[in-house]
Each structure stands twice: as structure tokens, then as C-alpha cells.
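Hello,

Here is the structure I promised to pass on. My notes on what turned up in it follow below.

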Amino acid sequence: NNISVKMLRIIALVAAILVIAMTMSCEEDEPSVVATTDIFNLPIGTKWVYANDVDTDTVVYEYLDTMMLNNEVVAQIAVTDASTKLYVQRGNQIYSYGEIDTDLGVIIEFPQPTIEFVFDTDIGFRWIRSVLVFGFRGSSLFRVEMEVVEKEIVTTPAGTFECDVIEDEFGVLFYVAPEGVVRRVFMDRVDDEIVTVTESLVEIR
């Protein structure tokens with residue numbers, strides 16, 4: 001009898017382990033968040049207009065259209081005098097899939113999509129972002145550490161936004177809201193002098 005009871009307990013334990021393993025496997029196979037064609041919860045045709053406190057130039061990010069990339073629909077975000085970025089939004093995370101070199105008409109695809117920005121995310125969340133840098137000899141891919149360091153309410157000409165403050169390993173700050181990147185603070189060379197530049201969102205249209 002004692003042997004039978006022990007065997008039943010062993011069988012019950014093995015069955016429980018199998019059920020847990022199967023459940024975990026199913027959860028891993030199912031995508032946790034479904035992708036959307038909206039970017040920062042906004043549709044095709046949206047423009048984010050930015051100005052800085054150093055010169056009078058403006059930079060426009062425009063959601064042009066979607067395209068197919070490896071059987072997935074990705075958004076094309078054109079940037080003034082720069083490449084076109086390829087994004088997908090999943091929940092509160094914006095993934096970068098690569099860029100289109102508009103001069104050459106060539107798609108530069110990342111080895112794997114990486115998170116570009118997050119919003120409504122806990123302080124302390126960290127990730128590695130892929131960044132393309134273009135030069136005379138083509139493009140180079142860098143991996144940059146990012147972290148949500150605090151929360152802040154930011155007011156710009158475009159409105160007032162509840163932002164995640166994200167800092168990269170070089171000290172660049174991104175203030176990101178559900179509506180988009182609201183502010184960016186970085187160092188730049190102006191007239192042979194290194195200055196702090198603040199670029200702010202002035203309009204969403």
C-alpha cells in the first residue's frame with residue numbers, strides 16, 4: 001500500500017510538471033503584443049514638427065506609408081534631409097527594423113528589430129537600441145544602451161505631455177510620450193563651440 005501511495009504521488013508530480021511545461025511553451029509561442037500600423041498611436045499622414053533653441057531650422061518626421069518587409073507590415077517615417085526610418089509599434093514599444101537610404105534607394109535592414117523608444121514604462125527599464133550612422137564610406141551599425149530614468153510632465157508649443165525620460169549611454173535625453181518624442185537634449189558643435197541643444201516638438205498635424 002505504501003508503495004502504491006508513493007507511486008501515485010510520483011505520477012501526480014510528473015503530471016503537474018508536464019502541465020506547467022506545456023503551459024509555458026504555449027505562452028512563449030504566442031506573441032505577447034500584437035503589432036499595429038499606427039506609430040505612437042497615430043495614423044499614416046501624421047507629421048511631427050521639431051525646432052531647437054540654437055537655430056531656426058525645423059525637422060519634420062512624416063509617416064508616409066507602410067511597406068512589406070520579411071512578411072511584416074512596417075511603417076515608413078521620413079525625416080527631413082535624412083533617411084527614412086522603418087518602425088513597428090507593439091503596445092507601448094516602438095521597434096526599429098532599419099532605414100532606407102533615400103540617396104541610394106537601398107533598404108538597410110537590422111539583423112533583428114530592436115526597441116527604439118518606449119512610453120508609459122517603469123523607471124529602470126533598460127534595452128539596447130540599434131543606431132545607423134551614415135558617413136562617406138557608407139553606413140555603420142552601433143548598439144547603444146538606453147534606460148528610462150524618470151517621469152516628467154513637459155510643455156512645448158505642441159501641448160503638455162506626460163513623458164518617460166530616456167537616457168542613452170552618451171547622455172542624450174529623450175522625452176517620450178504616447179503621442180511621440182516630445183523633446184531631445186544633446187550636445188553639438190555650433191560655431192566651433194560645444195553647446196547643449198534642446199529640440200522640442202512644436203506641432204503634430
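Which residues line the largest cavity? They are T36, T37, I39, Y63, T66, V73, V74, A75, Y87, V88 and Q89. Before more of that, two words on the source. This is a predicted model, in which local features need pLDDT of at least 70 and side-chain atom pairs count only at pLDDT 80 or more, while totals for chains, interfaces and linings use all residues. Residues are numbered from 1 along each chain as its sequence is written, and side-chain values use heavy atoms, with hydrogens and water left out.

**The cavity**

On a 1 Å grid over the protein atoms alone, a cavity is a set of points where a 1.4 Å probe fits but cannot get out; a pocket is an open set with protein on both sides within 12 Å along at least five of seven lines, and lining residues have an atom within 4 Å of a point. By this rule there is one cavity of 30 Å³ or more, and the largest has a volume of about 30 Å³ (the space filled by probe spheres set on the points, with points joined across faces, edges and corners). Strands β3, β4 and β5 are the elements that give two or more residues to the lining of the largest cavity. By class, that lining has seven nonpolar, four polar and no charged residues (Ala, Val, Leu, Ile, Met, Phe, Trp, Tyr, Cys and Pro count as nonpolar, Asp, Glu, Lys and Arg as charged, and the others, Gly among them, as polar).

**The pockets**

The largest pocket has a volume of about 940 Å³. Its lining takes in 36 residues, with Y61, K85, E116, R129 and R184 nearest the centre. Those lining residues divide into 22 nonpolar, five polar and nine charged. Among the strands that each supply at least two of them are β2 (47-52), β7 (106-118) and β12 (180-190).

The second largest pocket has a volume of about 220 Å³. Residues in its lining include Y61, R184, D188 and E199. β12 gives the most to this lining, with four residues. The class split here is six nonpolar, one polar and five charged.

**The chain as a whole**

The secondary structure comes to one helix and 13 strands (DSSP runs numbered from the N terminus, H or I of at least four residues for helices and E of at least two for strands). Of the 205 residues, 35% count as buried (under 20% relative accessible area, with exposed over 50% and partly exposed in between, 1.4 Å probe, protein chains only). The chain exposes about 12,700 Å², and carbon and sulfur atoms supply 54% of it (Shrake-Rupley method, 1.4 Å probe; for residues, only the protein chains shown count as cover).

**Two residues to look at**

T114 lies in strand β7 and counts as buried because its relative accessibility is 6%. A polar atom of the T114 side chain lies 3.2 Å from the backbone nitrogen of S130. Leaving aside neighbours within four places in sequence, T114 is in contact (heavy atoms within 4.5 Å) with I94, Y95, S96, I128, R129 and S130.

E150 sits in strand β9 (residues 138-156) and counts as partly exposed, at 37% relative accessibility. E150 and D164 are 14 residues apart in sequence and 6.2 Å apart in space, C-alpha to C-alpha. Beyond neighbours within four places in sequence, E150 is in contact with I123, C163, D164 and V165.

Best wishes

Conventions: A polar contact is a pair of N or O atoms within 3.5 Å; within protein, one must be able to donate a hydrogen and the other to accept it, and residues adjacent in sequence count only if both atoms are side-chain atoms.
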